[in-house]
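Biologist: Could we go through the fold and its aromatic pairs, one question at a time?

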Amino acid sequence: MSITNESRRQFLKASTLATGGLAISINLPAHAVAFSEDAQESTFSPNAFIHIQDNGDVLIYCGRCEMGQGINTALPAAVADEMDADWQRVTVKQADGNEEKYGPQATGGSASIRVMLTPMREAGASAKIMLIAAAAKVWNVDPSSCYAENHVVHHQASGKQLSYGQLASLAAKQTVPEVVTLKAKKDFNYIGKFIANQNIEQIIKGQLTYGVDTKLPGLKYAAIVHCPVLGGKLKTLDDKDARAIKGVIDVVVIDRLAIPYGSIGGVAVVADNSWTAQQAVKKLKIEWDLGENAHYDTVKYKAQLVKNVETPAQLVTERGNVTEGLSGAAQTLKATYTGGHLVHAPMEPNASVVWVKDDSCEVWAATQSPADIQKVLAQFLGREAKDIAVHVTMSGGAFGRKFKCDYVHEAAAISQKINAPVQLTWTREEDTKTGYYHSINAQHIEAGIDEQGNIKGWLHRVAFPSIGTLFNPAQTRPSNSDFNAVDNYPYGIENFRSESGEAKAHTRIGWYRAVYAIFYGFSFSSFTDELAYLAGKDPLTYLNQLYDNNTNPDQQEQAARSKHVVNLAAEKSGWFERDKLTKNQAIGLAIHYSFQSYVAMAVRVEVNGEDIKVLQVDSAIDCGQVLNVNGATAQMEGAVVMGMGLALRTEVTFREGAVVNTNFHNYPVMRINEMPQVNVHIVDSEHPSTGLGEPGVAPFAPALSNAVFAASGKRYRDIPFKPMSV
């Protein structure tokens, strides 16, 4: 990383601030942003700024997108900590889309803190050094005789003090340090503490701007309907009734843009208000040519996936000899696990405002990836990506959906057609029926154990349509890279083999919170629980045995940290006193490593017939150094909500190529009155910070399944569990 002292003129031009002071920008090294394909294409120019005004107020830009995960508190608080700034004097502003200036802004993969924490801390430390240097110059003393504390620089010997505001302009003239030393953990003021979301009051009062909130003079409003089947085309359109409605301005046909994140094609109605647009779009009489995916039926497809994993498939990885391991085992076990499609269902459906002019294009959008908006619109409009201005709004939930901004491309197409700014808002129904879906999947595991329960052979066969099909529709099975979590599971397995079954995609497969960890976590932790019972062992004791059996030097840390969190969750949940639980109650355990973090869950349930009531969840996480205990706790609590939904209720069903679900009545997410007691136990760690947003989702379903089995003897191998009620 290199850090640059921005000139006041340059900074003011960029930030539109009315006053001067000290401004710091950061250049990120390439290795710090190697998170996505997009990152590899980034230019890594100055990308984040700290600005101290002459009155002492500090403004910190957050380059990553805020969608409820609290990144606009966690990262700025780390900067303020290294600056020894007063958090009450800090204001945070969401950065516009500008990767040349802010570095990669794609917000996903639980990577923001992993990528940005060190550079941001170094920027804060640099600012402090420059402030101290400025004060030392005023006092004509050595900088080493001064120190900073709570927005003030002190001279130790004389007791003199100067505030950051008094020093800001002078500090801007100091040399940027080439090397900085970051604080030790014992000196943290904010990192690792409980910090309220910096804009929580504005959220509560409804004062922030979300995707649907942007208003411009002359703004027009649009609603849209898409072909219900992926790959379908418009055959006939009768828009007479829609155009007859008062307030309707135009009907716009949007062609498919055959690049990732472009529109799949649809018909939009433009009106002078959103209600009129949404009512008019229902009056369109459309005949679609549904295309080759019109036969897609998820019930039949899941059955086909099961067949594909219960017969030999394409080899991915093999260690030792699985055939000999299984044949020489004292006992063997086979099981197949399945799961259905999921849709993101954020509270705020897709929405954006776009204004395409002859010489400019400006976007206001709830997005996880402004750079991808620029790339798509650059191709659509035939312009340079740098000429597409993207203003990032707050996002009312995203979970991966708003990485893929087809709704922005559509708004741009409409704006270009009617020559006016347009706000396009998808209805909840359109959002549910035209998404990027978490992958339907099947996994088959066969294992053999000896008399002590040690694993002698493990065959793991997987089939699911890959996210890679977004970029290569011809891909018909998971890629080798999709198997990392399978091939590197930290059990001591003597003989191992993984295979990839055929699974063509018939809809858009996209990133969903926790991604593949959902079904890998379900299969591994469920099957391990089944093995424990086969071996006649306590599930926790058996897990410890499997981790202890691991002799792979490359997996020792992973095994040790996994073992620690699962034992922590068990201890906190009352696992060792569970024989005292009420009849029909039990505790289930699960553990999964994903996004470089370790999460274990102990779920306590009560089961009466088909009724499953979740009573308590104890979640233990080791994600290295935690920035904000408040945010980390909220992430784990939110993960439990999402995990409960996918384990017990939510599944997207396709019939005749189209999604059957339409809204929350038939895609029922969990409600607040169903929330169990959730206890979050954070491992105190000095390891580098790792993923936090997604790792908590995966362990819930298997922990619940294992608990239900312990309480009732019934084993669920398909999520969501059916039949059920909560």
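The questions and answers below concern overall form first and ring pairs afterwards.

Modeller: This is a predicted model, in which local features need pLDDT of at least 70 and side-chain atom pairs count only at pLDDT 80 or more, while totals for chains, interfaces and linings use all residues. Residues are numbered from 1 along each chain as its sequence is written, and side-chain values use heavy atoms, with hydrogens and water left out.

Biologist: What is the radius of gyration of the protein, and what does the globule rule give?

Modeller: The radius is taken over C-alpha atoms, and the rule is 2.2 Å times the number of residues to the power 0.38. For 726 residues the rule gives 27 Å, and the protein is close to that, so it is as compact as a globular protein of that length, with a radius of gyration of 27 Å.

Biologist: Which kind of aromatic pair do Tyr-296 and Phe-654 form?

Modeller: Rings of Phe, Tyr and Trp (its six-membered ring) pair if their centres lie within 6.5 Å, and planes under 30 degrees apart count as stacked, over 60 as edge-to-face and the rest as tilted. Here the centres are 5.0 Å apart and the planes at 50°, so by these cut-offs the pair is tilted.

Biologist: Is Tyr-296 buried or exposed?

Modeller: Buried means under 20% relative accessible area, exposed over 50%, and partly exposed in between (1.4 Å probe, protein chains only). Tyr-296 has 3% relative accessibility, so this residue counts as buried.
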